[in-house]
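Please open the model in a viewer and keep the selection tool at hand. The tour below moves from the whole chain to single residues.

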Amino acid sequence: MEESKAIVLFSGGQDSTTCLAWALERFEYVETIGFDYGQRHRIELDIRPEVLTAIRQSFPSWDKKLGEDRVIDVTVLGQISDTALTRDVEIAMLQNGLPNTFVPGRNLLFMIFAAAVAYRRGARHIVTGVCETDYSGYPDCRDDTMKAMQLALNLGMDHRFVVHTPLMWIDKAETWRMADVLGGKVLVNLILDKTHTCYNGNRTEQHVWGWGCGNCPSCELRANGYRQFSCELAA
Ligand code: ZN
């Protein structure tokens with residue numbers, strides 16, 4: 001049974017919603033985990049249950065496999081970090097070439113908590129939407145980081161977890177395409193209407209590519225990817 005159980009790191013954004021669909025297609029039983037890290041915009045946390053409800057309602061075969069959702073309190077991360085995601089400051093590039101939206105240790109910490117929950121819940125698989133392809137060079141999203149993390153978790157917990165990163169080598173247009181393959185127009189529309197990825201927490205403007213300010217790096221990626229995806233559909 002452990003072989004067919006997965007824990008998905010689920011933030012309520014486009015990427016993790018696509019990863020959740022990917023896991024629901026692949027495994028017999030899937031639970032979700034989210035994190036309250038003191039993020040400046042609570043909209044992400046508010047949106048999660050709505051996305052899950054929409055998935056349950058739109059895909060009865062996935063509903064049967066979708067188990068418990070939990071939100072883990074890691075607000076201590078917000079207390080010790082000074083970044084554009086946890087403080088009210090402008091998004092900017094730092095001298096070291098990283099954007100100030102980088103929260104040091106965030107994904108590493110998330111993986112440790114996800115593995116601790118997977119251990120307790122008897123799940124072998126951990127699924128995360130990290131991606132090396134068109135991101136801002138976050139070092140904790142790299143393939144090597146995740147491979148090292150899998151090794152550290154397996155050694156440190158004396159267990160055999162498998163970390164899955166279905167989006168690692170694909171760009172945003174391909175992420176939309178993956179959603180289309182997994183759940184067709186219904187899933188693509190659900191992601192457009194329900195998910196949230198904007199760094200500025202803007203949920204008042206709806207564009208063809210979804211909700212968001214339209215100007216932050218995350219909105220730009222999402223909009224460009226969707227444009228490319230919809231052009232291919234039209235061609
Ligand atoms: Zn935005």
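A residue is called buried when its relative accessible area is under 20%, exposed when that area is over 50%, and partly exposed in between. The model on display is predicted.

**Stop 1: the whole chain.** Begin with everything selected and coloured by secondary structure. The protein comprises 8 helices and 7 strands. Its C-alpha trace extends over about 45 × 45 × 30 Å along the principal axes. The radius of gyration is 17 Å, which agrees with the value near 18 Å that a compact globule of 235 residues would have. Of the contacts with a separation of 6 or more, 67% join residues 24 or more positions apart.

**Stop 2: the surface.** Next, display the accessible surface. The area amounts to about 10,800 Å², and carbon and sulfur atoms contribute 52% of this. Among the 235 residues, 54% are buried. Colouring by charge brings out 24 positive and 30 negative side chains, with the centres of the two sets 4 Å apart.

**Stop 3: E31 and R121.** Side chains of opposite charge can pair when their charged atoms come close. The structure contains 11 salt bridges. Select E31 and R121 to see one of them, with an N to O distance of 2.6 Å. This pair connects distant parts of the chain, since E31 belongs to strand β2 (residues 29-36) and R121 to helix α5 (residues 106-121), 90 residues apart. Is E31 buried or exposed? With a relative accessibility of 1%, E31 is buried, whereas R121, at 28%, is partly exposed.

**Stop 4: D69 and R48.** Now select D69 and R48, which form a salt bridge whose closest N and O atoms are 2.6 Å apart. D69 is part of strand β3 (residues 66-73) and R48 is part of helix α2 (residues 43-58), so this salt bridge ties together parts that are 21 residues apart in sequence. D69 has a relative accessible area of 29% and is therefore partly exposed. R48 has a relative accessibility of 1% and therefore counts as buried.

**Stop 5: R56 and D63, then a network.** Select R56 and D63 for another salt bridge, in which the closest N and O atoms lie 2.8 Å apart. R56 has a relative accessible area of 30%, a value between the two cut-offs, so R56 is partly exposed. D63 is likewise partly exposed, with a relative accessible area of 30%. Then add E31, E68, R70 and R121 to the selection: salt bridges with shared partners join these four residues into one network.

**Stop 6: T32 and its surroundings.** Return to strand β2 and select T32, which is located there. T32 has a relative accessibility of 1% and so counts as buried. Which residues does T32 touch, leaving aside those up to four places away in sequence? They are V8, F10, L20, L52, L66, E68, D69 and R70. D69 also appeared at Stop 4, as the salt-bridge partner of R48.

**Stop 7: D158.** Finish in the loop between α6 (143-156) and β5 (162-164), where D158 is found. Most residues other than glycine have a negative phi. D158, however, has a positive phi, near 45°. The relative accessible area of D158 is 69%, which means that D158 is exposed.

Definitions and conventions:
Residues numbered from 1 in each chain as written. Predicted model: local features only at pLDDT ≥ 70, side-chain atom pairs only at ≥ 80, totals over all residues. Heavy atoms only, no water. Salt bridge = Lys/Arg side-chain N within 4 Å of Asp/Glu carboxyl O. Helix = DSSP H or I, 4+ residues; strand = E, 2+ residues; numbered from the N terminus. Buried < 20%, exposed > 50% of the residue type's maximum accessible area, 1.4 Å probe, protein only. Rg over C-alpha atoms; globule rule 2.2 N^0.38 Å. Contact = heavy atoms within 4.5 Å. Areas by Shrake-Rupley, 256 points an atom, 1.4 Å probe, with all protein chains shown as cover. Lys, Arg positive; Asp, Glu negative; His and termini not counted. Charge placed at Lys NZ, Arg CZ, Asp CG, Glu CD.
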